[in-house]
Each structure stands twice: as C-alpha cells, then as structure tokens.
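Biologist: Got a minute to go through this one with me? I keep asking what the labels rest on.

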Amino acid sequence: MPLNTSPVRRDIDYLRRRVKPRPEPVVAAPEAQLAPAAPSAAAPSTGLTLGGPSSPAATTPAPAAPAPTPPSAPSTGLTLGGGSSPAPSTPSARPAAPAAPSTPQPFPAPTAEEVRVLDDETPLVRLDPRQSAIGSLIVGGATAIVWETVDRVTGVASADGGADGTPVTTPGNRPLLGFDGGDAILALRHVHLIRRALFVGTAGQPLTVQLFDDENFAAADEAGGVPVVSLLRIGSRLELRLEPLPADIPLKTLVRQFGFEPTPYVVGREPRRR
C-alpha cells in the first residue's frame, strides 16, 4: 500500500474487497417462452356407438356468449331410435257435426224394366227418379182421372169432358193432369206439385202406361172388373199400383172409396168497385 494514500481512499478500497458483486438475472429469449395451448374442439357426436365404450371427450370451457340456436326443423311424425316426448293434444277447433238421422226407406218393389203387366201377382211398380221427373206419364184407355196436389186441392175429370172439383194448372198454363187426344197425361216436369192420383179404366179393358224412355207396361183386371191404377209420389219416385174394383161401381163412389173429396172450384175475378 502506498504511503501517500488518504484514509478515505483506503476505506473505499477496503469495502470493495469485502463486498462481492451480485450476479445479474438471466432473461430467457422470447422464442423460448411457451404460448398457452389452445383448447381442442371436441368432435360432434353422431349418436351411434360401434364397439366398446369410447373415452369421454375433454370438456371445453363454455363460450362467453352462447351462439343463437337455429330453428328446429318441423317434425315428420316418425321417430327412429329413442322415444320422444308426446306432443300435447290440442282440442279440435270445430266440433264434429252430429250424424243426420236416417230416414226410413221404402220396401223393395219391382221396376218398370221388370214388369210387363200389373196384375194380381205383381200389382205394384216403382219408377226411378229419372223416370219420375222427365217427360210425361201417358196412360191410355183411361175414362176418368182424379188428382190431389200437395196443397190438398182435389179434382175429377172424365174423358167425355165432365169435371168436378178444382183444376190445377202449371206455370206454363197447362193442366197438371188432364186428357189430350184420348190419353190421360201427367206433366212430370211439375210432378213435385202432385201428391196422388187415380186413373180409372173400362171394365174388361186394360190400361197402358208409357214413359219417356219407351218403357211401358199394362194394368189389367183378370176378373173382368174396372182396372184402376193409383199413383203415389214418395220423395222423388212415383209408385203405381193396380186396384181392381167391381164393374158396376159409380165414379163418385169410387172417388170417395179412395178418400178423395173434390174441393169447390172458385173462379177468380176482378174486385168490385163502388
């Protein structure tokens, strides 16, 4: 140690020798820092497992904001696989209409195609709705006719021009039931106006019935009495029946036996003014 060293200098040198320097910290390179591993997205499950049990997928953290759920497709009503919850039953918007009451049907009867002669064995024939509403019903050999409308208007007419009761005309100003050229004709276009009728023949002579479609049949009394064909409208069908009567029965008695009562005929006229 030099002799000319000051005491302060000596103290500084002494402290430097006693105190050891502290090593500086080692800073790692930026490349060496490991970035945090990104969570792996789990593969979507197909719902079908083949073989042994698979390992459970790693749980992933829930996202901060849930993604909007797309609208579900409408159900087709067919479920394959696990059971689904049943859809709630909704009440019907409109109640079921009550069943219409069944109306009694007429008993079976022969048709015009099956009958050639109305007699004691086959006294009845029933026309179909088409035969009952088209054209005219022509009865040959009739000497008198009786009618009753749905309004209970009754009248009688004979082939020689006699009449009793009230005549009935159609909107075309033609008689609903009348004589034309020796035949009794019923206008089927207006058949809805009639309720029942009678066609009276001559003793020992048949009555003939002709329809628009060339179907025809006869009505005869084998015992030689007066053939009478009664006509009755049942809904949309006409029913004709043979009613044999004694040969000497008067027309007025015959009409009343079937329950007909001719209604008084009133001729309309202009009102009187004073």
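Modeller: Sure, starting with aromatic pairs: the count comes to 0. Rings of Phe, Tyr and Trp (its six-membered ring) pair if their centres lie within 6.5 Å, with planes under 30 degrees apart called stacked, over 60 edge-to-face and the rest tilted. Bear in mind that this is a predicted model, where local features need pLDDT of at least 70, side-chain atom pairs count only at pLDDT 80 or more, and totals for chains, interfaces and linings use all residues. Residues are numbered from 1 along each chain as its sequence is written, and side-chain values use heavy atoms, with hydrogens and water left out.

Biologist: What makes Arg196 lie over the face of Phe260?

Modeller: The rule wants NZ of Lys or CZ of Arg within 6 Å of the ring centre and within 35 degrees of the ring normal. Arg196 is at 3.8 Å from the ring centre of Phe260, so the distance fits the 6 Å limit.

Biologist: Why is Trp147 called buried or exposed?

Modeller: Buried means under 20% relative accessible area, exposed over 50%, and partly exposed in between (1.4 Å probe, protein chains only). Trp147 has 7%, so it's buried.

Biologist: How do you know that Trp147 has a polar contact with Thr166?

Modeller: A polar atom of the Trp147 side chain lies 3.1 Å from the backbone oxygen of Thr166. The cut-off is a pair of N or O atoms within 3.5 Å; within protein, one must be able to donate a hydrogen and the other to accept it, and residues adjacent in sequence count only if both atoms are side-chain atoms.

Biologist: And why is Pro206 called partly exposed?

Modeller: Its relative accessibility is 39%, so it falls in the in-between class. Leaving aside neighbours within four places in sequence, Pro206 is in contact (heavy atoms within 4.5 Å) with Gly140, Ala219 and Ala220.

Biologist: What makes β4 and β9 a pair?

Modeller: Strands are DSSP runs of E, at least two residues, and helices H or I, at least four, numbered from the N terminus. Two strands pair if DSSP finds at least two bridges between them. Strand β4 (residues 144-149) and β9 have 6, antiparallel, so they qualify. One bridge joins Val146 to Leu198 in β9.

Biologist: Which sense do β1 and β11 pair in?

Modeller: Parallel, over 2 bridges. That count meets the minimum, so they're a pair. Leu118 stands opposite Ala219 in β11.

Biologist: Why do β1 and β7 stand at the edges?

Modeller: The open sheet runs β1-β11-β10-β3-β8-β7, with mixed pairing. β1 and β7 each have a single partner strand, so one side of each has no neighbour in the sheet.
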